[in-house]
Amino acid sequence: MCALALMAACSQTKTTSALHIPHLQKRGAATQLIVDGKPYLALAGEMTNTASSSPQYMNTVWPNLVKMHLNTVLAAVAWDWIEPAEGKVDFTLADRLIQDARSHHMRLVFLWFASWKNGLSSFVPVWVKANQERFPRAQVKGGKTVEVLSTLSEANREADSRAFAAFMRHVRDVDSRAHTVIMIQVENEVGLLGDSRDRSPAANEAFAKSVPPELMDYLRNHKDSLLPEFRRLWEAAGFKTSGSWEEVFGKGPAAEEVFMGWNYARYVGRVAGAGKAEYPIPMFVNAWRVQPQDKTPGDYPSGGPQAHMHDLWRAGAPQIDILSLDVQSLKFPEVVAQYTRSGNPLFIPESRGDAVGAANVFYAVGQHNAIGYSVFGLDLTTRLLGSGPGTGVTPQVPLDIESLPLPRSYAVLSQLAPLILEHQGKGTIAAAWLAQENADQKIQLGDYTLNVELTRDRRTPNVLPERGYGIFISVGPDEYVIAGNDVQVTFSPNTPGPEIAGLASVETGTYLDGRWIPGRRLAGDDCVLRYDLAAAASVNQSGSGVRFRGDGPSIQHVKLYRYR
Ligand code: DGJ
């Protein structure tokens with residue numbers, strides 16, 4: 001082939017593959033991750049921080065991840081591991097991870113542990129760490145220097161960006177056809193700990209200056225759509241459109257957090273942009289969220305992508321696609337709702353792997369169109385056990401991984417994934433996350449109201465399971481696919497016509513490659529009869545529904561009819 005023809009062929013290949021690289025796509029109300037041209041649901045696990053620095057260790061882990069029904073692994077690549085000496089890059093570890101993920105039929109999300117990991121700079125190469133003159137650090141109250149690179153340094157940002165760009169160029173070179181690597185987390189849980197702002201000389205100088213016009217313009221242009229917490233802060237200081245940080249956001253830690261947020265967002269955005277210039281797959285950041293005991297920014301990482309800082313991060317780091325959250329809390333529905341505002345797509349890189357986690361993943365993908373859910377530390381199988389009441393598991397030795405709640409939950413969701421992805425964003429899918437303190441919920445879906453409750457035995461109606469969950473998909477008129485654990489559902493018509501819903505047919509079954517394989521036909525004791533207990537003399541049957549036992553989620557295909 002002549003040189004010109006070869007160049008033409010190459011540029012064509014580049015354009016074609018660029019169109020097919022993993023990307024986000026808005027579909028109705030959902031933003032989905034598209035991999036190999038199709039929506040993708042990440043049923044994931046994150047490895048503990050340094051697991052991926054040892055292929056030998058990972059060899060012992062991969063078979064367990066397969067048993068857990070994972071399709072995606074989140075694993076660290078640290079700046080220190082790929083650029084141990086300045087300008088000398090080594091991608092052996094990343095290449096080995098890609099190769100091993102492929103041989104286990106999994107995808108990868110790389111975690112770029114670079115300038116910051118949990119607020120600290122512990123994964124930075126020593127040639128950076130040991131040269132404070134060239135790579136300045138943050139200072140906290142009392143002038144104390146901490147092992148945290150300062151956001152205010154151009155040298156820090158350039159060094160990180162260069163390494164990340166080299167890494168992403170390499171990922172493009174080795175993976176732009178196979179698409180094993182589907183997203184990147186840029187840094188980890190950024191923000192300053194121990195003070196509400198950096199007090200280094202450079203930071204003091206920047207803090208005394210005017211708020212940058214880019215931020216002011218963003219706020220002015222988005223004034224009516226800002227999240228309420230951020231708008232209130234700006235409003236309290238008089239909606240000023242210019243001035244110093246304290247003039248525009250008021251004196252005190254809240255303004256200092258905004259200052260830090262802007263500087264972290266600008267820095268991380270620049271790093272992400274340098275990587276995207278090489279290979280533009282979706283990139284996200286993760287928040288170490290404010291905890292109930294925290295009193296002020298600095299107790300939690302100040303300037304991180306907290307829910308109340310989302311406007312600032314959108315303004316400062318448009319290169320970042322998702323502002324994600326790490327959540328171990330038992331208030332999962334409440335917490336994730338905060339991170340789905342303003343169209344932020346939901347992806348949860350770190351959460352629980354116990355029975356609560358099994359419920360969380362159902363809820364995230366069914367109720368909030370999540371792109372995926374990931375359990376922190378899944379190279380340790382004990383993460384599947386959790387601790388304390390409500391985990392629903394008695395430890396066994398050796399662990400029977402496949403029988404545990406989260407792997408069972410992932411197994412069911414991987415069968416349902418094509419159906420879930422088809423319905424996300426269309427208003428035809430919902431989910432419930434129930435615990436004893438919120439034991440029932442009403443969901444409007446299709447032509448019925450679904451009355452979802454924790455399972456109750458008619459003989460012992462006051463004994464409730466600790467938790468229950470379900471995902472509900474309206475697949476046609478009078479027809480639902482439901483999967484759940486320890487829940488029961490009765491149906492009330494919400495369109496004109498006969499007012500009682502009855503069961504036309506209920507089948508348990510499985511999906512194989514998207515095809516329904518029916519198992520048992522359910523009726524009688526294996527379903528629910530709903531009684532109108534208020535009726536004085538006799539107890540009237542007022543409809544019926546379906547029941548999911550608590551021995552791991554299962555799928556039912558339900559057809560209804562109506563009578564009066
Ligand atoms: C949150 C961090 O993001 C993780 O890297 C890890 O250190 C966990 N905390 C530990 O629980």
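In this predicted model, helix α14, spanning residues 355–367, lies across three strands, namely β4, β12 and β13. Its direction is about 160° to that of β13, the strand made of residues 372–376.

The strands under α14 belong to a bigger arrangement. Eight strands make up an open sheet, and reading across it gives β11-β10-β9-β6-β5-β4-β13-β12, with parallel pairing. At the two edges sit β11 (322–325) and β12 (347–351), each of which has a pairing partner on one side only. Going from one strand to the next, the twist averages 30°.

Zooming in on the part of the sheet around β13, the bridge counts look like this. β4 and β13 run parallel and are joined by five bridges, while β12 and β13, also parallel, share three bridges. On its other side, β4 (residues 42–46) is tied to β5 (residues 72–78) by three bridges, again in parallel. Ala44 is a handy residue for following these links: its bridge partner in β13 is Ser374, and its bridge partner in β5 is Thr72. Over toward the edge, Ile348 has Tyr373 as its bridge partner in β13.

As for burial, β13 is mostly covered, with five of its five residues buried. Side chains in a regular strand alternate between the two faces of the sheet. In β13 both faces are covered: Gly372, Ser374 and Phe376 are buried on one side, and Tyr373 and Val375 are buried on the other. So Ser374, the β13 partner of Ala44, and Tyr373, the β13 partner of Ile348, are on opposite sides of the strand, and both count as buried because each has under 20% relative accessible area.

Next, the empty space inside. Rolling a probe the size of a water molecule over the atoms shows where such space is left. With a threshold of 30 Å³ or more, the count comes to one cavity, and the volume of the largest cavity is about 30 Å³. Its lining is made up of Ser52, Ser54, Pro55, Met58, Leu93, Arg96, Leu97 and Asp100. Two helices, α2 (55–67) and α4 (92–103), each contribute at least two of the lining residues, and α4 gives the most, with four. Sorted by class, the lining has four nonpolar, two polar and two charged residues.

Further along the chain, two residues give a nice contrast. Ser474 is found in strand β17, which covers residues 467–476. At a relative accessible area of 10%, Ser474 falls under the 20% cut-off and is therefore buried. Leaving out residues up to four places away in sequence, Ser474 touches His423, Thr428, Leu445, Gly446, Glu479 and Tyr480. One of these, His423, is 51 residues away along the chain, yet the C-alpha atoms of the pair are separated by 8.5 Å.

Thr460, for its part, is placed in the loop between β16 (448–454) and β17. Its relative accessible area is 39%, so Thr460 is partly exposed, lying between the 20% and 50% limits. Thr460 and Leu512 are 52 residues apart along the chain, and their C-alpha atoms are separated by 37 Å.

Methods. Residues numbered from 1 in each chain as written. Predicted model: local features only at pLDDT ≥ 70, side-chain atom pairs only at ≥ 80, totals over all residues. Heavy atoms only, no water. Pairing = 2+ DSSP bridges. Axes fitted to C-alpha atoms, helices over the stretch in contact; angles between N-to-C directions. Contact = heavy atoms within 4.5 Å. 1 Å grid on protein atoms, 1.4 Å probe; cavity = no way out; pocket = protein on both sides within 12 Å on 5 of 7 lines; lining within 4 Å. Points joined across faces, edges and corners; volume = space filled by probe spheres on them. Nonpolar A, V, L, I, M, F, W, Y, C, P; charged D, E, K, R; others polar. Buried < 20%, exposed > 50% of the residue type's maximum accessible area, 1.4 Å probe, protein only.
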